[in-house]
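Hi,

Here's the model I promised to pass along. Have a look, and my notes follow underneath.

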Number of protein chains: 2
Amino acid sequence: MGIEEIGEQIKQRRDILHIQQKDLAELSGVSLRTIIQIESGLANPSINTLQKLAQVVGMQIQLVIKNK
Amino acid sequence: MGIEEIGEQIKQRRDILHIQQKDLAELSGVSLRTIIQIESGLANPSINTLQKLAQVVGMQIQLVIKNK
DNA sequence: ACCCATAGTGCAATATATTGCATATTTAAC
DNA sequence: GTTAAATATGCAATATATTGCACTATGGGT
């Protein structure tokens, strides 16, 4: 699960819910600028920031054991 | 999944594997100082940092859809 | 073509994560 | 109780995430 992948997942989920980046920014409290960077895979967000976004789009962060 | 919970999970997993904080620091490239802070729930790590630790203890970050 | 909304970029400023060092505390073993 | 290893803390320095502003680019509709 790389940084690009995480950004991509947020973006996909946001698209499914028909939420715009601007709205996600307002709903999450994370700046539009940062959201763009995260979705583009250019950012290395903190857990807090990622959680704010995840919550708005109905997701959550998990730390799971790798089976391989 | 809060920050305290994440730190706790890393710590638990590290204990199971009998890895010391110092060794986790060397293996992951994350400073001992930072590891202590994360495990104590005092830090808000970046995805990169968390991934470095997770990998050493055989875990991975996932972004999953909340079913509730 | 033109408008308009949405998404993305460059750059500088600010907030915050990460680090090292010295020191303290806990824990375990003897 | 003493020692030593492991874990934790205060503080300052550095690296980096986050932000705002102005601007550019992209895409859809008329």
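**Around DNA strand D**

DNA strand D is surrounded by 16 residues, the closest being A:R33, A:T34, B:Q20, B:Q21 and B:R33 (near means a heavy atom within 4 Å). Of the strand D atoms that come within 4 Å of the protein, 63% belong to sugar and phosphate. Bear in mind that this is a predicted model, with local features needing pLDDT of at least 70, side-chain atom pairs counting only at pLDDT 80 or more, and totals for chains, interfaces and linings using all residues. Residues are numbered from 1 along each chain as its sequence is written, chains are lettered from A and ligands numbered from 1 in the order written, and side-chain values use heavy atoms, with hydrogens and water left out.

Both arginines reach base oxygens of strand D: a side-chain N or O atom of A:R33 sits at 2.6 Å, and a polar side-chain atom of B:R33 at 2.2 Å. A polar backbone atom of A:S46 is 3.0 Å from a phosphate oxygen of strand D.

**Between the chains**

Chain A and chain B each put 25 residues into the contact (heavy atoms within 4.5 Å). There are zero salt bridges between them (a Lys or Arg side-chain nitrogen within 4 Å of an Asp or Glu carboxyl oxygen). On chain A's side, α1 (3–16), α4 (47–56) and β1 (59–65) each give two or more residues (DSSP runs, helices being H or I of at least four residues and strands E of at least two, numbered from the N terminus). β1(A) gives the most, seven residues.

Cheers

Key. Polar contact = N/O pair within 3.5 Å; in protein donor to acceptor, adjacent residues only side chain to side chain.
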